[in-house]
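Visitor: Please take me in for a close look at a single part of this model, and tell me how its charged side chains are paired and placed.

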Amino acid sequence: MRPSAAFVGVSWLALLTGCLGYLVGLWNARMTMSEKGFYLTVLLFALFAAVSLQKSVRDRLEGVAVSAIYHGLCWLGAGAAVVLLTVGLWNAALARSEKGFYAMAFTLAVYASVAVQKNVRDLAATQAPATERPALL
């Protein structure tokens with residue numbers, strides 16, 4: 001079933017809002033460059049891990065072969081990203097409001113990345129002939 005234009009638009013808006021909010025927070029933060037690099041890397045890792053996990057779960061549901069090792073690594077990566085952010089924020093010398101801001105922007109961005117990937121895949125599936133399956137997403 002084709003996702004509605006409203007859901008597609010809101011998903012992209014949520015992804016951009018979460019990522020931009022997180023990045024603006026990092027830009028304005030009084031942290032060392034290595035701390036900023038850590039938080040940026042955790043966000044990028046989480047976005048990749050969440051999309052990869054969503055793809056492997058959906059592939060399995062649709063009968064597409066996904067190795068157990070890859071599926072497990074997807075879960076491990078997604079969990080590791082959340083743990084890294086949690087431990088980083090727990091030990092950071094930031095105000096609680098800043099910690100909450102980063103946690104919420106992170107959560108919004110990661111959730112929205114899954115929704116955007118789902119929409120891209122669903123749109124590709126509705127546009128492809130019935131005999132073809134989208135191979136890239």
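**The charged network around Arg58**

Guide: Let's start with Arg58, which is buried at 17% relative accessibility (buried is under 20% relative accessible area, exposed over 50% and partly exposed in between, with a 1.4 Å probe and protein chains only). Please keep in mind that this is a predicted model, in which local features need pLDDT of at least 70 and side-chain atom pairs count only at pLDDT 80 or more, while totals for chains, interfaces and linings use all residues. Residues are numbered from 1 along each chain as its sequence is written, and side-chain values use heavy atoms, with hydrogens and water left out.

The partner of Arg58 is Asp122: the two form a salt bridge with their closest N and O atoms 2.3 Å apart (a salt bridge is a side-chain nitrogen of Lys or Arg within 4 Å of a carboxyl oxygen of Asp or Glu). Because Asp122 lies in helix α4 and Arg58 in helix α2, this pair ties together parts that are 64 residues apart in sequence (helices are DSSP runs of H or I with at least four residues, numbered from the N terminus). Asp122 is buried too, with a relative accessible area of 7%.

Next door in the sequence is Arg121, whose side chain meets that of Glu62 in a salt bridge of 2.8 Å, N to O. Here Arg121 is in helix α4 and Glu62 in the loop between α2 and α3 (68–91), so the pair joins parts 59 residues apart in sequence. The two ends differ in setting: Arg121 is buried at 5% relative accessible area, while Glu62 is partly exposed at 35% relative accessibility.

Now go back to α2 for the pair of Asp59 and Lys55, a salt bridge whose closest N and O atoms are 2.5 Å apart. Both residues sit in helix α2, four residues apart, or about one turn of the helix. That spacing makes sense, as an α-helix has 3.6 residues a turn, so residues three or four places apart point the same way. Asp59 is buried, with a relative accessible area of 6%, and Lys55 is partly exposed at 25% relative accessibility.

Put these pairs together and you have a network of salt bridges that links Lys55, Arg58, Asp59, Glu62, Lys118, Arg121 and Asp122. The structure as a whole holds six salt bridges.

The helix that carries Arg58 is worth a look as well. Helix α2 covers residues 33–61, and its 29 residues should span 42 Å at 1.5 Å a residue (the expected span being 1.5 Å times one less than the number of residues); the end C-alpha atoms are indeed 42 Å apart, which agrees. After α2 comes Gly63, with a positive phi near 85 degrees.

Helix α4, home of Asp122 and Arg121, spans residues 96–127 and also packs against helix α1 (residues 5–28), at an angle of about 145 degrees and with the axes 7 Å apart (axes are lines fitted to C-alpha atoms over the stretch in contact, and angles run from 0 to 180 degrees between N-to-C directions). In contrast to the network, the residues of this α1 and α4 contact divide into 18 nonpolar, seven polar and no charged (Ala, Val, Leu, Ile, Met, Phe, Trp, Tyr, Cys and Pro count as nonpolar, Asp, Glu, Lys and Arg as charged, and the others, Gly among them, as polar).

Methods
Helix = DSSP H or I, 4+ residues; strand = E, 2+ residues; numbered from the N terminus.
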